[in-house]
Amino acid sequence: MTEIDQEDALHITHRFAAPRERVFDAWTNPEVLQQWWAASPTGDTPTAEIDLEEGGAYRLSMRTDSGETHTVHGTYREVRRPERLAYTWSWEEGPEQAMAGSENSLVTVEFVEDGDGTLVKLTHSGFAGEEIRGMHEHGWNAVLDRLEERVFPG
């Protein structure tokens with residue numbers, strides 16, 4: 001297992017008005033991912049390939065409003081439905097700065113029951129620098145907004 005620097009880790013928490021099983025499935029079902037995996041308000045998801053098992057691969061693409069495609073891929077390190085996902089993260093195509101600085105990063109997503117909803121606690125670690133971390137923070141917040149707007153509206 002690769003050592004990941006936790007010092008510059010990104011931590012984001014977002015609450016969804018849905019049971020955690022449904023929120024977990026939104027992160028792991030290709031048809032549902034294609035509804036929301038986009039950072040821009042009118043972006044879409046041309047690719048969502050998931051082999052949901054430890055050691056299985058994933059590949060996700062998002063197309064921006066301007067038509068650029070950003071693709072990320074990796075391997076699942078941990079799959080515990082409906083509590084937790086952990087996977088490696090590496091850009092295949094996208095912003096040059098992000099591609100150069102995320103080849104050893106790790107994403108961990110915890111799904112925590114919160115009354116009638118779910119708290120998603122996302123940790124993304126292993127960034128090459130603060131600028132790259134900031135780019136990912138912006139992207140993750142936008143993607144989580146799309147999940148709420150398109151799959152779990154209020």
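How many bridges join strand β5 to strand β6, and in which sense do the two strands run? Select residues 84–93 for β5 and residues 105–114 for β6 in this predicted model: six bridges join the two strands, which run antiparallel.

**The strands around V109**

With β5 and β6 still displayed, pick L85 and look across to β6, where V109 stands opposite. Then add residues 117–125, which form strand β7, and follow the nine bridges over which β6 and β7 pair, again in the antiparallel sense. On this side V109 stands opposite L122 in β7, so that V109 can serve as a reference point for both pairings. Where the chain passes from β6 to β7, the hairpin has two residues between the strands, and G115 takes a positive phi near 65°.

**The whole chain**

Zoom out and colour by secondary structure: the chain comes to four helices and seven strands, and from the N terminus on the elements run β-α-α-β-β-β-β-α-β-β-α. Buried residues make up 46% of the 154 residues, while the chain exposes about 7,500 Å², of which carbon and sulfur atoms supply 43%. Among the contacts with a separation of 6 or more, 53% are accounted for by residues 24 or more positions apart.

**Helix α4 and the core**

Next select residues 130–150, which are helix α4; the helix has 21 residues and reaches 30 Å from its first C-alpha to its last, close to the 30 Å expected at 1.5 Å a residue. Its buried residues include I132, W140, V143, L144 and L147, and also R133, H136 and R146.

Now show the largest nonpolar core, which has 35 residues; W27, W36, W37, Y87, W89, V109 and W140 are those with the most contacts inside it. The largest share of this core, five residues, comes from α4. In soluble globular proteins, nonpolar side chains tend to be buried together.

Centre the view on Y87 and display its surroundings: leaving aside residues up to four places away in sequence, Y87 touches W27, Y58, T75, Y76, R77, S105, L106, V107, V109 and W140.

**T28 in helix α1**

Finally, select residues 20–28, helix α1, and pick T28 within it. Is T28 buried or exposed? T28 counts as buried because its relative accessible area is 8%, under the 20% limit. A polar atom of its side chain lies 3.2 Å from the backbone oxygen of F24, and, not counting residues up to four places away in sequence, T28 touches L33, I50, L52 and L85. The last of these, L85, leads back to the opening view, where L85 stands opposite V109 in β6.

Key:
Residues are numbered from 1 along each chain as its sequence is written. This is a predicted model: local features need pLDDT of at least 70, side-chain atom pairs count only at pLDDT 80 or more; totals for chains, interfaces and linings use all residues. Side-chain values use heavy atoms; hydrogens and water are left out. Two strands pair if DSSP finds at least two bridges between them. Buried means under 20% relative accessible area, exposed over 50%, partly exposed in between (1.4 Å probe, protein chains only). Contact means heavy atoms within 4.5 Å. Accessible areas come from the Shrake-Rupley method with a 1.4 Å probe; for residues, only the protein chains shown count as cover. The expected span of a helix is 1.5 Å times one less than its number of residues. A nonpolar core is a set of buried Ala, Val, Leu, Ile, Met, Phe, Trp, Tyr and Cys residues joined through side-chain atoms within 4.5 Å. A polar contact is a pair of N or O atoms within 3.5 Å; within protein, one must be able to donate a hydrogen and the other to accept it, and residues adjacent in sequence count only if both atoms are side-chain atoms.
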